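Here is a short note to help you find your way around a structure that is new to you. Keep the view open beside the text and follow the points in order.

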Amino acid sequence: MGSNGDLNANTECLSSTGDVILDKAVRQWITWDKGVYKYLVKYFPDLNARGLVVGYDTRAQASSGCTSERLARLSAAVMLCKDVPVYLFSNYVPTPFVPYAVMKFGAAAGIMITASHNRKEDNGYKVYWHNSAHISSPHDKEILHCIEESTEP
């Protein structure tokens with residue numbers, strides 16, 4: 001991330017992590033536009049007005065140096081590159097803060113980067129819907145479908 005903290009610049013979205021494999025995966029993720037964005041923009045015509053909440057905890061993958069904060073910033077950068085406003089917490093937060101912020105700000109959804117359901121070394125990705133609840137069927141299956149449709153640029 002640049003010294004000015006601007007995550008909205010494409011060059012910042014594609015900065016190097018120092019890990020060649022991780023860099024390739026990040027570039028593909030941003031370039032291919034997988035997953036949550038594609039579904040949210042289809043489901044919420046007002047996504048660019050409502051925005052998205054992103055939070056993270058203290059977890060980290062020691063081998064790659066990829067922390068929950070870094071993944072949260074990358075998630076925010078993907079949305080910002082698509083002109084979606086992002087409410088990104090400035091520090092780590094407990095998971096319940098994300099669904100609370102979704103409701104408080106009227107956001108379309110929320111993402112929490114956490115390993116609360118995994119080993120402490122692993123990061124996970126929890127998605128909350130506009131009603132502050134975990135996504136459930138059919139949304140979970142539709143998001144997966146969007147990801148599967150976007151396997152190539």
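1. Starting at the N terminus, the elements follow the order α-α-α-α-β-β-β-α-β-α-β-β-α. That makes seven helices and six strands in the protein. Please keep in mind as you read that this is a predicted model.

2. Some overall values help to set the scene. The protein has 153 residues, and 40% of them count as buried. Its exposed area is about 8300 Å², with carbon and sulfur atoms supplying 54% of that. Among contacts with a separation of 6 or more, 64% are made by residues 24 or more positions apart.

3. Let us turn to the aromatic rings. The count comes to seven aromatic pairs. One of them joins Y39 and W129, with 5.9 Å from centre to centre and 35° between the planes, and this pair is tilted. Y39 belongs to helix α3 (residues 36-43) and W129 to strand β6 (residues 124-129), so their pairing ties together parts that lie 90 residues apart in sequence. Are these two residues buried or exposed? Y39 counts as buried at 5% relative accessibility, and W129 is buried too, with a relative accessible area of 4%.

4. W129 has a further partner to look at. The ring centres of F44 and W129 are 5.0 Å apart and their planes stand at 45°, so this pair is tilted. Here, too, distant parts of the chain are linked: F44 sits in the loop between α3 and α4 (47-50), W129 in strand β6, and 85 residues separate them. F44 has 5% relative accessibility and therefore counts as buried, because the cut-off for buried is under 20%. If you would like to see the wider picture, select Y39, Y43, F44 and W129, which ring pairs link into a cluster.

5. Next comes helix α5 (residues 68-81), which also holds both partners of a salt bridge. How many salt bridges does the structure hold? There is one, and E69 forms it with R73, the closest N and O atoms being 3.1 Å apart. Side chains of opposite charge can pair when their charged atoms come close. E69 and R73 are four residues apart in α5, about one turn of the helix. Both partners are partly exposed: E69 has a relative accessible area of 31%, and R73 has one of 22%.

6. Staying with α5, its 14 residues reach 20 Å from the first C-alpha to the last, close to the 20 Å expected at 1.5 Å a residue. Its buried residues are S68, A72, L74, S75, A76, A77, V78 and M79. Of these, A76 is a good one to click on: A76 is buried, with a relative accessible area of 1%. Its C-alpha atom is separated by 6.2 Å from that of V86, ten residues apart from A76 along the chain.

7. The end of α5 also deserves a look. Just after this helix, D83 takes a positive phi of about 65°, although D83 is not a glycine. D83 is in the loop between α5 and β4 (86-88). At 56% relative accessibility, D83 counts as exposed.

8. Finally, helix α6 (residues 97-105) has two sides worth viewing in turn. Which residues of α6 are buried? They are V98, P99, A101 and V102. These residues cover an arc of only 160° around the axis, which puts them on the same side of α6. Y100, M103 and K104, on the other side of α6, are exposed. The buried residues of α6 pack against β1 (52-56), β5 (109-114) and β6. Strand β6 is where you met W129 earlier. Just after α6 comes G106, with a positive phi of about 70°.

Conventions: Residues are numbered from 1 along each chain as its sequence is written. This is a predicted model: local features need pLDDT of at least 70, side-chain atom pairs count only at pLDDT 80 or more; totals for chains, interfaces and linings use all residues. Side-chain values use heavy atoms; hydrogens and water are left out. Rings of Phe, Tyr and Trp (its six-membered ring) pair if their centres lie within 6.5 Å; planes under 30 degrees apart count as stacked, over 60 as edge-to-face and the rest as tilted. Helices (H or I, at least four residues) and strands (E, at least two) are DSSP runs, numbered from the N terminus. Buried means under 20% relative accessible area, exposed over 50%, partly exposed in between (1.4 Å probe, protein chains only). Contact means heavy atoms within 4.5 Å. Accessible areas come from the Shrake-Rupley method with a 1.4 Å probe; for residues, only the protein chains shown count as cover. A salt bridge is a side-chain nitrogen of Lys or Arg within 4 Å of a carboxyl oxygen of Asp or Glu. The arc is that of the directions from the helix axis to the C-beta atoms. The expected span of a helix is 1.5 Å times one less than its number of residues.
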